[in-house]
Amino acid sequence: QVQLVVSGGGLVQAGGSLRLSCAASGSIFSISAMGWYRQTPGSLRDLVARITDDGSTNYADSVNGRFTISRDNAKNTVYLHMNSLISEDTAVYFCHAVVTTPGRRDFGYWGQGTQVTVSS
């Protein structure tokens, strides 16, 4: 089994910054991609940012230039640095990882959500 533990989040004023962390542990051979998604009530879970094992990144247009995703492969951890936060960034944020197990099978895993609230 694989666990993704998310930390960070909380309440911040508009224009402020937050950092989210997501650490993967368990039966992991490698992690090909890690990403962050967010969801608001009544909406689908949308991709915020994604990073592959070679460091390639992609971002949602709405956060491009404000958010930065990074990862520490040695720690199986992905980070989301969020700057210039706006009220529209308020959502529950989820971590996702595509994990290759020691048996060389690929599975997608989700971490628990963390609330990010931006006050205007």
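A residue is called buried here when its relative accessible area is under 20%, and exposed when that value is over 50%, with partly exposed residues in between. Please keep that in mind, as I will use these words throughout, and keep in mind also that what you see above is a predicted model. By this definition, 41% of the 120 residues of the protein count as buried.

Let me start with the overall picture. The protein has zero helices and eleven strands, so that when you follow the chain from the N terminus the elements simply read β-β-β-β-β-β-β-β-β-β-β. The radius of gyration is 14 Å, close to the 14 Å that the globule rule gives for 120 residues, so the protein is as compact as a globular protein of that length. If you draw a box along the principal axes, the C-alpha atoms fill roughly 50 × 25 × 20 Å. The accessible surface comes to about 6200 Å², and 48% of this surface belongs to carbon and sulfur atoms. As for contacts, if we take those in the protein with a separation of 6 or more, 53% of them are between residues 24 or more positions apart.

Now to the sheet that I would like you to look at with some care. Four strands form an open sheet in the order 1-3-8-7, and the pairing is antiparallel. The edges are strand 1, residues 2–7, and strand 7, residues 67–72, each of which pairs on one side only. From one strand to the next, the twist averages 15 degrees.

Inside this sheet, strand 3, which covers residues 18–26, pairs with strand 8, residues 77–82, in the antiparallel sense over six bridges. One position to find on your screen is Leu18, which stands opposite Met82 in strand 8. Strand 8 is also joined to strand 7 by six bridges, and these two strands again run antiparallel, with Ser70 standing opposite Tyr79. Strand 7 and strand 8 form a hairpin that has four residues between the strands, and in its turn Asn76 has a positive phi of about 50 degrees.

Is strand 8 largely enclosed or largely open to the outside? Five of its six residues are buried, and so strand 8 is largely enclosed by the rest of the structure.

Met82, in this same strand, takes us to the interior. The largest nonpolar core has 31 residues, of which Trp36, Leu80, Met82 and Tyr93 touch the most other members. Strands 1, 3, 4, 5, 7, 8, 9 and 11 each give two or more residues to this core, and the largest share, five residues, comes from strand 9. If we leave aside the neighbours of Met82 within four places in sequence, its contacts include Leu18, Leu20, Phe67, Tyr93 and Val116.

Just after this strand we come to Asn83, which lies in the loop between strand 8 and strand 9. Which residues does Asn83 touch, not counting those up to four places away in sequence? They are Gly16, Ser17, Arg66 and Phe67. The C-alpha atoms of Asn83 and Ser17 are separated by 4.4 Å, although the two residues are 66 residues apart along the chain. The relative accessible area of Asn83 is 35%, a value between 20% and 50%, and therefore Asn83 counts as partly exposed.

Finally, let me turn to a second run of paired strands. Strand 4, residues 30–39, and strand 5, residues 46–52, run antiparallel and are joined by six bridges; along this pair, Tyr37 stands opposite Leu47. The two strands form a hairpin with six residues between them, and Gly42 in the turn has a positive phi of about 80 degrees. Strand 5 is in turn joined to strand 6, residues 57–59, by three bridges, once more in the antiparallel sense, and here the bridge partner of Arg50 is Asn58. This hairpin has four residues between its strands, and Gly55 takes a positive phi near 95 degrees.

To close with the point I would most like you to take away, please go back to strand 8, which pairs with strand 3 and with strand 7, and which is largely enclosed by the rest of the structure.

Key: Residues are numbered from 1 along each chain as its sequence is written. This is a predicted model: local features need pLDDT of at least 70, side-chain atom pairs count only at pLDDT 80 or more; totals for chains, interfaces and linings use all residues. Side-chain values use heavy atoms; hydrogens and water are left out. Two strands pair if DSSP finds at least two bridges between them. Axes are lines fitted to C-alpha atoms, for helices over the stretch in contact, and angles run from 0 to 180 degrees between N-to-C directions. Buried means under 20% relative accessible area, exposed over 50%, partly exposed in between (1.4 Å probe, protein chains only). Contact means heavy atoms within 4.5 Å. A nonpolar core is a set of buried Ala, Val, Leu, Ile, Met, Phe, Trp, Tyr and Cys residues joined through side-chain atoms within 4.5 Å. The radius of gyration is taken over C-alpha atoms; the globule rule is 2.2 Å times the number of residues to the power 0.38. Accessible areas come from the Shrake-Rupley method with a 1.4 Å probe; for residues, only the protein chains shown count as cover.
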